[in-house]
Amino acid sequence: MTGSIAHRIAGPGRSRLGPVRIPALLLLLPAAGALAAVSVYPVGLGLWLSFRDTSLAAPDDAFLGLRNYQDLIADPTFWNAWLHTVEFTVASTLAETLLGLGMALILYEWFIGRGLVRAAMLIPWAIPTVVTSKMFGWLFDGQNGIVNHLLRATGLIDQNINWYGSTDTALLTIIIADVWKTTPFMALLLLAGLQTIPRSLSEAALVDGAGPWATFWRVRLPLLMPTLLIAALFRALDAFRIFDLVYVLTGGGPADSTETLSTLTYKTLFSTLQFGYGSAMAATMFATEVLIAGVFGAVLIRKLRETER
């Protein structure tokens with residue numbers, strides 16, 4: 001009887017779930033429209049411009065096909081920036097993941113003042129990147145920086161090092177600044193992952209005679225691996241589009257030794273006003289990030305399947 005009443009209410013030829021689904025889709029339309037306006041449309045416009053000879057410095061605007069990408073492949077400046085971006089991404093992600101894991105393991109254990117330490121740990125991450133750039137500019141100043149002073153005082157160096165003014169150390173300085181700022185973010189993500197692992201598993205391993213290292217390697221790390229990969233994925237994607245830290249601290253110099261894809265694309269778009277060529281750079285950068293996400297996603301799916309077994 002209940003079914004017949006529901007059928008009469010819904011009306012002949014109408015799905016019972018129809019009146020529920022249509023309003024739900026309508027409620028999603030504003031969010032979908034906003035997402036399309038701020039994400040889908042800019043990406044689509046950038047891809048369209050990458051196939052054109054669009055420049056604000058000249059009135060010409062013609063369709064070029066793949067010529068911008070062909071010029072990009074033959075451009076040593078682009079490959080120099082791409083290599084620096086990859087070096088920065090690999091070095092910073094690896095260092096921040098390892099240091100963040102160590103910090104998470106320490107903060108996971110109980111000790112007096114743990115809550116205060118957890119809160120203070122997030123201060124570097126909360127500081128704006130521009131402020132971090134200026135701060136490290138003063139710390140690593142080649143003449144009056146405190147880093148050179150401390151290294152000379154401990155006898156590690158005999159003379160000042162021009163940290164971000166030398167092609168040999170400029171990229172290293174940027175990596176150090178980024179590691180200092182972003183490691184707390186990695187530690188926070190990994191700490192959340194550690195707290196999802198039941199303590200009973202570690203206690204059982206200790207009862208079976210496993211030491212701290214064996215417990216971490218055999219129990220905690222396999223269960224933490226999905227969280228570790230997700231955190232590394234977020235950090236790698238964020239590191240690959242590094243802009244503000246480089247732009248404020250070195251501007252891509254000296255001698256393009258710290259030029260990244262983001263800074264080079266910015267200069268091409270807004271300094272030389274080559275919208276077509278700059279859009280091709282941005283599209284190549286986007287494709288590289290998709291590739292990075294695909295590799296991490298494949299490894300993550302494999303690890304999740306291994307964990308389910």
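1. Aromatic pairs. In this predicted model, a search of the whole structure finds 14 aromatic pairs. One of them joins F51 and Y69, whose ring centres lie 5.6 Å apart with 50 degrees between the planes, a tilted arrangement. This pair links distant parts of the chain, 18 residues apart: F51 sits in the loop between α2 (18–49) and α3 (67–73), whereas Y69 belongs to helix α3. The partners also differ in exposure class: F51 is partly exposed, with a relative accessible area of 26%, while Y69 is buried at 19%. The value for Y69 falls in the buried class because that class covers residues under 20%.

2. A stacked tryptophan pair. W213 and W217 form an aromatic pair that is stacked, at 5.6 Å centre to centre and 20 degrees between the planes. Both residues lie in helix α11, 4 residues apart, which is about one turn of the helix. An α-helix has 3.6 residues a turn, so residues three or four places apart point the same way. W213 is exposed, with a relative accessible area of 60%, and W217 is partly exposed at 45%.

3. An aromatic cluster. Which residues form one aromatic cluster? The members are F136, F140, W163 and W180.

4. Salt bridges around D238. The structure holds 6 salt bridges. Side chains of opposite charge can pair when their charged atoms come close. D238 takes part in a salt bridge with R235, where the closest N and O atoms are 2.6 Å apart. These two residues are 3 apart in helix α11 (residues 212–240), so about one helical turn separates D238 and R235. D238 also meets R241 through their side chains, in a salt bridge of 2.7 Å, N to O. With regard to accessibility, R235 counts as buried at 2%, whereas D238 is partly exposed at 32% and R241 is partly exposed at 47%.

5. The wider network. The bridges of D238 belong to a larger arrangement: E96, D178, R235, D238 and R241 are linked in a network of salt bridges. The position of D178 can be placed within helix α9, which covers residues 170–195.

6. A further salt bridge. The side chains of E259 and K267 meet in a salt bridge, with 3.1 Å from N to O. Is E259 buried or exposed? E259 counts as buried, at 3% relative accessibility. Its partner K267, at 26%, counts as partly exposed.

7. Helix α9. This helix is mostly covered, with 19 of its 26 residues buried. At 1.5 Å a residue, the 26 residues of α9 should span 38 Å, and the end C-alpha atoms are 38 Å apart, which agrees with that expectation. A reader should note, however, that α9 has a kink of about 40 degrees at T182, shortly before the proline P184.

8. The place of G193. G193 lies in helix α9. G193 is buried, with a relative accessible area of 5%. What does G193 touch, not counting residues up to four places away in sequence? The residues in question are L224 and T227. By contrast with these contacts, A287 is 30 Å from G193, C-alpha to C-alpha, and the two are 94 residues apart in sequence.

9. Confidence of the model. The chain averages a pLDDT of 86, and 92% of the residues score at least 70. Which elements of the chain have the lowest and the highest mean pLDDT? Helix α1 (residues 2–10) has the lowest, at 47, and helix α4 (residues 76–108) has the highest, at 94. Over residues 5–15, pLDDT stays under 50, and for this stretch the model has 3 contacts beyond four places in sequence.

Note on methods:
Residues are numbered from 1 along each chain as its sequence is written. This is a predicted model: local features need pLDDT of at least 70, side-chain atom pairs count only at pLDDT 80 or more; totals for chains, interfaces and linings use all residues. Side-chain values use heavy atoms; hydrogens and water are left out. Buried means under 20% relative accessible area, exposed over 50%, partly exposed in between (1.4 Å probe, protein chains only). Contact means heavy atoms within 4.5 Å. The expected span of a helix is 1.5 Å times one less than its number of residues. The bend at a residue is the angle between axes fitted to the seven residues ending there and the seven starting there. pLDDT is the predictor's confidence in each residue, from 0 to 100. A salt bridge is a side-chain nitrogen of Lys or Arg within 4 Å of a carboxyl oxygen of Asp or Glu. Rings of Phe, Tyr and Trp (its six-membered ring) pair if their centres lie within 6.5 Å; planes under 30 degrees apart count as stacked, over 60 as edge-to-face and the rest as tilted.
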